[in-house]
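Here are some exercises to work through with the model open in your viewer. Try each task before reading its solution.

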Amino acid sequence: MAATKALLMLENFIDGKFLPCTSYIDSYDPSTGEVYYRVPDSGKEEIDAAVEAARRAFPGWSSRSPQERSQVLNKLADLLEQSLEELAQAESKDQGKTLTLARTMDIPRSVQNFRFFASSVLHHTSECTQMDHLGCMHYTVRTPVGIAGLISPWNLPLYLLTWKIAPAMAAGNTVIAKPSELTSVTAWMLCKLLDKAGVPPGVVNIVFGTGPRVGEALVSHPEVPLISFTGSQPTAERITQLSAPHCKKLSLELGGKNPAIIFEDANLDECIPATVRSSFANQGEICLCTSRIFVQKSIYSEFLKRFVEATRKWKVGVPSDPSASMGALISKAHLEKVRSYVKKALSEGAQIQCGEGVDKLHLPARNQAGYFMLPTVITDIKDESCCMKEEIFGPVTCVTPFDSEEEVIQRANSVKYGLAATVWSRDVGRVHRVAKQLQSGLVWTNCWLIRELNLPFGGMKSSGIGREGAKDSYDFFTEIKTITVKH
Ligand SMILES: NC(=O)C1=CN([C@@H]2O[C@H](COP(=O)(O)OP(=O)(O)OC[C@H]3O[C@@H](n4cnc5c(N)ncnc54)[C@H](O)[C@@H]3O)[C@@H](O)[C@H]2O)C=CC1
Ligand SMILES: N/C(=C\C=C\C(=O)O)C(=O)O
């Protein structure tokens with residue numbers, strides 16, 4: 001009889017040790033719908049243990065010099081890089097994204113996150129002012145906040161987790177991280193490298209499980225003074241409520257309903273492939289993805305024809321297929337939610353130009369139960385439709401015509417979100433004018449997702465509170481104090 005392979009069981013990582021949990025939940029491979037591994041279903045008890053470990057580790061870690069901490073972060077980056085292929089395979093299987101994307105974006109960026117903050121932490125300076133007439137000087141000092149609670153989502157699992165862990169550690173905090181219960185495997189693999197990189201026990205603790213159980217235990221813990229969260233707006237609301245009694249520092253990176261604004265003088269040869277990518281990269285599961293495309297009327301027909309042709313070439317395939325541009329969506333529930341938006345659009349009289357319900361999806365027999373969906377383009381839709389207002393977070397984008405600059409700015413700003421926009425035009429003056437008026441934390445003109453990690457990243461309105469980046473993350477993960485000396 002053939003031996004059945006034992007299911008992978010993840011363990012929490014607390015105080016430098018892997019610890020089993022009393023209960024577990026299943027985590028699925030989105031490309032097959034089969035169980036991939038089991039995740040600890042942790043709760044308050046595990047958070048209490050992690051807080052105890054993080055508290056004990058804090059004095060030692062926070063008193064190291066930035067240079068010493070930087071060396072540890074660089075070593076961790078090297079170790080991650082050496083495991084790039086193994087991590088990419090695991091990330092792709094866990095999340096449903098293509099292996100190509102995991103290899104070229106998720107894991108390299110995770111490595112870069114550690115290298116970047118290992119370097120940037122060495123370059124901060126503080127302010128000093130003088131009041132000679134009173135014989136005084138004033139200066140500021142920054143100190144780490146304490147135990148940082150970090151909660152990350154499932155769309156870019158290791159990429160976004162390390163974007164929080166690296167600056168928190170670099171600034172001298174100890175950390176309790178809770179990855180999404182849907183995508184925990186690469187966080188668990190990271191734990192295996194910590195000791196080798198020289199991270200002392202208790203500096204990084206990773207506790208797995210669901211938002212309502214372990215997430216809330218972390219957010220509510222009185223000894224965790226700071227929460228950095230990336231995820232949905234309703235969860236951010238809950239986190240804000242739970243942390244309010246403790247006046248915690250909060251950084252909230254939330255969703256978007258990101259517009260692409262395409263003027264008649266845009267270079268369509270560049271704009272069309274970039275807008276296909278900005279709509280459908282990572283199955284449309286990036287908070288920065290385009291989901292409302294405004295096209296100036298004079299080029300609307302040409303744009304639409306070429307955009308739909310290019311979308312049809314955005315191949316959906318099994319994540320390991322090197323020719324696939326898109327893999328599977330994260331879960332069955334999410335797939336159903338995304339499909340329900342397309343149904344709603346149809347019921348409102350919109351046209352589906354390609355994708356869901358129009359084209360045929362071809363998948364191998366083994367992947368028939370996977371959570372796949374074709375990239376879908378919707379037209380003839382009103383701005384008031386939920387498809388034009390709510391974050392769908394899947395491979396669905398809406399295309400609509402506009403007449404004037406003034407009109408399109410007003411329509412682009414007419415949603416509750418304000419995260420990322422793209423503007424396509426050869427007119428430099430217009431590009432600056434429009435970018436300035438958009439209610440959006442990030443505006444990419446004639447490009448998408450070119451990241452400069454030094455500069456502020458984050459959203460306006462319901463897209464979040466706070467910014468992340470070299471200076472912004474340092475400010476968030478430290479407390480500032482003003483000292484006055486009379487001489
Ligand atoms: N970066 C973004 O903009 C993201 C947006 N989303 C949006 O959210 C929708 C729902 O996805 P979800 O996985 O449910 O996102 P979510 O916001 O519920 O999950 C993000 C993280 O928060 C944790 N969490 C959930 N409830 C919590 C609570 N009460 N207290 C503390 N932590 C909690 C989760 O376990 C996960 O680690 C998506 O369809 C998408 O629209 C989802 C992921 C990322
Ligand atoms: N926060 C998200 C993406 C961030 C990308 C970046 O920092 O480059 C998201 O999709 O949730």
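**Exercise 1. Find out which element gives the most to the lining of the largest pocket.**

Step 1. Start with the ground rules: this is a predicted model, where local features need pLDDT of at least 70, side-chain atom pairs count only at pLDDT 80 or more, and totals for chains, interfaces and linings use all residues. Residues are numbered from 1 along each chain as its sequence is written, chains are lettered from A and ligands numbered from 1 in the order in which they are written, and side-chain values use heavy atoms, with hydrogens and water left out.

Step 2. Helix H8 is the one to pick, since H8 gives the most to that lining, with 6 residues. Helices (H or I, at least four residues) and strands (E, at least two) are DSSP runs, numbered from the N terminus.

Step 3. Now add the other contributors: helix H7 (211-220), strand E11 (226-230) and helix H11 (332-347) each supply at least two residues too, alongside H8 (233-243).

Step 4. The space itself comes to about 900 Å³. Trp-154, Phe-229, Gly-231, Ser-232 and Thr-235 sit closest to the centre, out of 38 lining residues. On a 1 Å grid over the protein atoms alone, a pocket is an open set of points with protein on both sides within 12 Å along at least five of seven lines, a cavity is a set where a 1.4 Å probe fits but cannot get out, and lining residues have an atom within 4 Å of a point. Grid points are joined across faces, edges and corners, and a volume is the space filled by probe spheres set on the points.

Step 5. Sort the lining by class and you get 16 nonpolar, 12 polar and 10 charged residues. (Ala, Val, Leu, Ile, Met, Phe, Trp, Tyr, Cys and Pro count as nonpolar, Asp, Glu, Lys and Arg as charged, and the others, Gly among them, as polar.)

Step 6. Both domain 1 (8-255 + 463-486) and domain 2 (258-445) put in at least three residues; these bounds come from an automatic or database domain assignment.

**Exercise 2. Work out where the largest cavity lies relative to the two domains.**

Step 1. A search of the whole structure turns up 4 cavities of 30 Å³ or more, and the largest holds about 130 Å³.

Step 2. Leu-156, Tyr-159, Leu-160, Cys-287 and Phe-457 are nearest its centre, among 15 lining residues. Helix H5 (residues 157-170) gives the most, with 3.

Step 3. Domain 1 and domain 2 both give residues to this lining, so the cavity lies between them.

**Exercise 3. Explain why Cys-386 and Cys-387 form no bond.**

Step 1. Count the disulfides (pairs of cysteine sulfur atoms within 2.5 Å): there are 0.

Step 2. The sulfur of Cys-386 has its closest cysteine sulfur in Cys-387, but the gap is 4.5 Å, so it is too far for a bond.

Step 3. Check burial as well: Cys-386 has a relative accessible area of 19% and is buried. Buried means under 20% relative accessible area, exposed over 50%, partly exposed in between (1.4 Å probe, protein chains only).

**Exercise 4. Is Asn-282 buried or exposed?**

Step 1. Asn-282 has a positive phi of about 55 degrees, though it isn't a glycine.

Step 2. Look for Asn-282 in the loop between helix H9 (268-280) and strand E14 (290-296).

Step 3. With 1% relative accessibility, Asn-282 is buried.
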